[in-house]
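Colleague: Before I use this model, I would like to hear the reasoning behind the labels attached to it. Could you take me through them one at a time?

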Amino acid sequence: MESLLLIRKKDNKTKKSMLSYIAEELSFPDYFGNNLDALYDCLTDIDEPTNIALDPIPSDESEKWYQSIYKVLLDAAAENENIKVF
């Protein structure tokens, strides 16, 4: 079954809260390390079609943590054909 995850920066004001939100919504395992490396690892293990939309798309003015999460999402999507980032 195809899933959709909408990530809104206004609902996640910190890197930690956003990582926790993503992990919860995508049902990551309990051992998820709550860091960018663990995010990449769990995303590349996804075996069902998953669409991830960010609101707003990070810009140069975005906080660096938000840009870094976006980059990890894009890198994981390049590695795992089941992930699409919008």
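Modeller: What follows is a set of questions about those labels, each answered from the coordinates of a model that is predicted.

Colleague: How do you know that the length of α3 agrees with that of a helix?

Modeller: Helix α3 runs over residues 64–79, which is 16 residues, and at 1.5 Å a residue it should span 22 Å; the C-alpha atoms at its ends are 23 Å apart, which agrees.

Colleague: What makes you say that the buried residues of α3 line one face?

Modeller: The buried residues of this helix are Trp65, Tyr66, Ile69, Val72, Leu73 and Ala76. Looking down the axis of α3, one finds them within an arc of 120°, so they line one face of the helix. On the other side, Lys64 and Ala78 are exposed. The general background is that an α-helix has 3.6 residues a turn, so residues three or four places apart point the same way.

Colleague: What covers that buried side of α3?

Modeller: The cover includes the strands β1 (3–8), β2 (50–55) and β3 (83–85), together with the helices α1 (15–25) and α2 (36–44).

Colleague: How do you know that α1 has a buried face?

Modeller: Its buried residues are Met18, Leu19, Ile22 and Ala23. Down the axis of α1 these residues fall within an arc of 135°, so they too line one face of their helix. They pack against β1, α2 and α3, whereas the face turned away from them carries the exposed residues Lys16 and Glu24.

Colleague: Why is the pair of Glu63 and Lys9 called a salt bridge?

Modeller: The cut-off is 4 Å between a side-chain nitrogen of Lys or Arg and a carboxyl oxygen of Asp or Glu, and the closest N and O atoms of Glu63 and Lys9 are 3.5 Å apart, within that limit. Glu63 lies in the loop between β2 and α3 and Lys9 in the loop between β1 and α1, so the pair ties together parts that are 54 residues apart in sequence.

Colleague: Why is Glu63 called partly exposed?

Modeller: Partly exposed covers what lies between the buried limit of 20% and the exposed limit of 50%, and Glu63 has a relative accessible area of 40%, so the label follows.

Colleague: How many salt bridges does the structure hold?

Modeller: The structure holds two. Lys71 forms one of them with Asp75, where the closest N and O atoms are 3.0 Å apart. Both residues lie in helix α3, four residues apart, which is about one turn of the helix. Asp75, at 34% relative accessibility, counts as partly exposed.

Colleague: What makes Asn80 a buried residue?

Modeller: Buried means under 20% relative accessible area, and Asn80 has 6%, so it is buried. Asn80 is placed in the loop between α3 and β3, and, leaving aside residues up to four places away in sequence, it touches Leu43, Thr44, Asp45 and Ile46.

Colleague: Why is Tyr31 called exposed, and Asn34 partly exposed?

Modeller: Exposed means over 50%, and Tyr31, in the loop between α1 and α2, has a relative accessibility of 69%, so it counts as exposed. Asn34 lies in the loop between α1 and α2, and its relative accessibility of 27% falls between the two limits, so it counts as partly exposed.

Colleague: What is the phi value of Asn34, and what is that of Ser27?

Modeller: Phi of Asn34 is near 55°, a positive value in a residue other than glycine. Ser27, just after α1, has a positive phi of about 55° although it is not a glycine either. Ser27 is exposed, since its relative accessible area is 61%.

Colleague: Which residues are closest to the centre of the largest pocket?

Modeller: The largest pocket has a volume of about 230 Å³. Of the 17 residues that line it, those closest to its centre are Leu26, Ser27, Phe28, Cys42 and Ile46. The element that gives the most to this lining is α2, with three residues.

Colleague: Why is the peptide bond from Asp55 to Pro56 given a label of its own, and what is the omega value?

Modeller: The label is cis, with omega near -5°, and Pro56 is placed in the loop between β2 and α3.

Terms used: Residues numbered from 1 in each chain as written. Predicted model: local features only at pLDDT ≥ 70, side-chain atom pairs only at ≥ 80, totals over all residues. Heavy atoms only, no water. Helix = DSSP H or I, 4+ residues; strand = E, 2+ residues; numbered from the N terminus. Expected span 1.5 Å × (residues − 1). Buried < 20%, exposed > 50% of the residue type's maximum accessible area, 1.4 Å probe, protein only. Arc of directions from axis to C-beta. Contact = heavy atoms within 4.5 Å. 1 Å grid on protein atoms, 1.4 Å probe; cavity = no way out; pocket = protein on both sides within 12 Å on 5 of 7 lines; lining within 4 Å. Points joined across faces, edges and corners; volume = space filled by probe spheres on them.
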